[in-house]
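Biologist: Could you take me through this model? I would like to discuss a few local features and then the contact between the chains.

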Amino acid sequence: MNPLHLLAQAPATNFWAEPNGSTSLWVKIVVGLIFGIGLIFALMAAPPQVRRPIVAGVTFLAGLFYVLFYLWPVPIDQKDGELPRNAVEGVGFWLKDALGVVVNFTNILTGFMIGLGIYSLLRIHLRRFFKFQKDWGFSLTLLLSMLAMIFFGYADWLSRLGERGALLDERSNWTLVNYGRDFLFEGLLQQMDAAMFSIIAFFILSAAYRAFRIRSVEATILLATALIVMLSLMGAVQYAIDTPIKQAAGPNGFLLNFQLSEISQWIRNTFQTSSLRGIAFGVGIGALAMGLRLWLSLERTGGNG
Amino acid sequence: MSVAQPAKRPLGERLQSLPKFWIYSILLVLTTIPLFVTVSVPNEPQEPAIDLYASLMQLPEGGRVLIASDWTGSTRGESGGEFDAIIRILMRKKIKFAIYSTADPQAPLVARDSIARLNDERRKAGLAPYERFTDWVSVGYFPNSEGATNGIANDIRSVFGGRKDFPPGRPPTDIFQSPVLQGVRSVSDFPMLIVITASKTSNFTVERVYGKTPLAFAVTGVMGPETQVFYQSKQIVGFAGGLKGVYDLETMMEHGINNPGPDGKIVVPSSKYGQIPGFPGMPNKGKGTLYYPTLHVALALLILTVIIGNVGMFLSKRANQR
């Protein structure tokens, strides 16, 4: 047997492919969760001289995977059951097969970060509520909101699992939990989200009024450019300016270059994109340098020891 | 005994220090009024939006696309309008779609609710609703945007593997059993990846997926300039940017491109394309038509306040020089 075949993909098995809602799946999820949380707390409790090499080692291996993935030739169109012909292909096959696992792993890690955020919120607000500290009422509101959203969210999700689930796409088939979820998520959360974002309009207007002054040549150029781009976003203004120019110029006339739409497009294509590209190059080089420092654990700031 | 009157401030100074209360109140009132009046504002769609619409209309009828839906209620004025317009076009062309999200855990639910609303619209118009699992599939949320996008670009089956969705009358089923994803081996099996986003996921998509399948974006207004860079370098086939982009799409859905109306007039001319039809008589007017007049008022007020501030500054300067 060719020893390189050992590097070929093993028969596809998915540890988590248990029947949906089965006890075995829940047991695996709970064990995984406890193991993950335990690992995080063990790392947090470990002294820096133990934690640092572990974190550095895992960071290096994680970075090395993606570096190899980009630099090593990986199969473009791998057939099912196809075996590598040599060591180079073997590593390429392994990298490609491992990508899904690595992606899932990173997704789970990020999921744990969301969990840490929830834990942190609960810790702060439960303490404030039980000790009746200042503004404990807001903490209670937050905790009750979280509980209500979790309850109605899960109840709505469970109601959609059954055979009647598809019927719930129509509002007429909804029950109390579906209305509750809709009221909390669509009726409150999404509306408040939109309201918070719309407040920006007031700040922009106020800031532009107070700060946008023509005090120098540069400021004048900036203001004139901004004015042209803003006017070009107003269809009615653009129509009012461009229509007489079009009528005066006729097809392919020189005057057509002075349409508002043409000038704004020229500004976008000539100045805006080239400036942004320059900034992107700078940011890219900076990200590369910072990435190398993080990968090799040379970056000591940010709680890395 | 005479009481000393406070000295009246010069006009220039007063123009530079209008009370915030009045500025905010005027903005609130002026932007609210157009929401109650549906006005059809003249519009000349921008080139990136024309390319987006043309690319969508050139997709084979009955085919499939992949959609990254990375927006929530905070940007629904722009992203929601873009989502509605794009999904309406796909539904009318009977194109199946798979939706995934990498930016926000709320995003899949927001997308699902929007599709339910669009299905209600179809029912009212006497059209068959788009059936979940058969016509569209929700892949769900992936917390690590860059990693997930990288995985989708290189091995979509392993990244989407194990995900389940709700077929009508059946328990949750593997999404690869859905007609939407049957036979999909790589991201290249989708003729287009459409990213509707209010975050950096568009950048990740260009970095990771470019070259594997054509990309089309629908982004917020503030993301327009950075997206223009990808459009100019032809890394994306087209994009709709902000509210203007939504209105552009809705205009083209009504009038098509190079498509003469009943009066023989072409509303959206383009030298790049032949005749591309619209969907006249169908519900094409959405958030773009509704909010575009408001954008006009807001921008006009912004320009006006900047002018007032600068006039005030010049008056003050002249008064000081005397």
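**Loops, domains and contact**

Modeller: In chain B, Lys234(B) is placed in the loop between α9 and β8 (238-241). Please bear in mind that this is a predicted model.

Biologist: What is the phi of Lys234(B)?

Modeller: Lys234(B) is not a glycine, yet its phi is positive, at about 65°.

Biologist: And is Lys234(B) buried or exposed?

Modeller: Lys234(B) is exposed, because 8 other C-beta atoms lie within 10 Å, and a residue with 12 or fewer counts as exposed.

Biologist: Turning to chain A, where does Asp135(A) lie?

Modeller: Asp135(A) is found in the loop between α3 (87-130) and α4 (136-159) of chain A. Although not a glycine, Asp135(A) has a positive phi of about 60°. Asp135(A) counts as exposed, since it has 11 C-beta neighbours inside 10 Å.

Biologist: Which domains is chain A divided into?

Modeller: Chain A has domain 1 (20-60) and domain 2 (216-295). The C-alpha centres of these two domains of chain A are 50 Å apart.

Biologist: Now the contact: how many residues does it take from each of chain A and chain B?

Modeller: It takes 53 residues from chain A and 56 residues from chain B. On the side of chain B that touches chain A, helices that each supply at least two residues include α2 (20-32), α5 (107-124) and α9 (224-232).

Biologist: Which helix gives the most to that side of chain B?

Modeller: That is α11(B), with 13 residues.

Biologist: How do the residues of that side divide?

Modeller: The side of chain B that touches chain A has 27 nonpolar, 20 polar and nine charged residues.

Methods: Residues are numbered from 1 along each chain as its sequence is written. Chains are lettered from A and ligands numbered from 1 in the order in which they are written. This is a predicted model: local features need pLDDT of at least 70, side-chain atom pairs count only at pLDDT 80 or more; totals for chains, interfaces and linings use all residues. Two residues are in contact if their C-beta atoms, placed from the backbone, lie within 7 Å. Helices (H or I, at least four residues) and strands (E, at least two) are DSSP runs, numbered from the N terminus. Ala, Val, Leu, Ile, Met, Phe, Trp, Tyr, Cys and Pro count as nonpolar, Asp, Glu, Lys and Arg as charged, and the others, Gly among them, as polar. Domain bounds come from an automatic or database domain assignment. A residue is buried if 20 or more other C-beta atoms lie within 10 Å of its own, exposed if 12 or fewer, and partly exposed in between; C-beta atoms are placed from the backbone.
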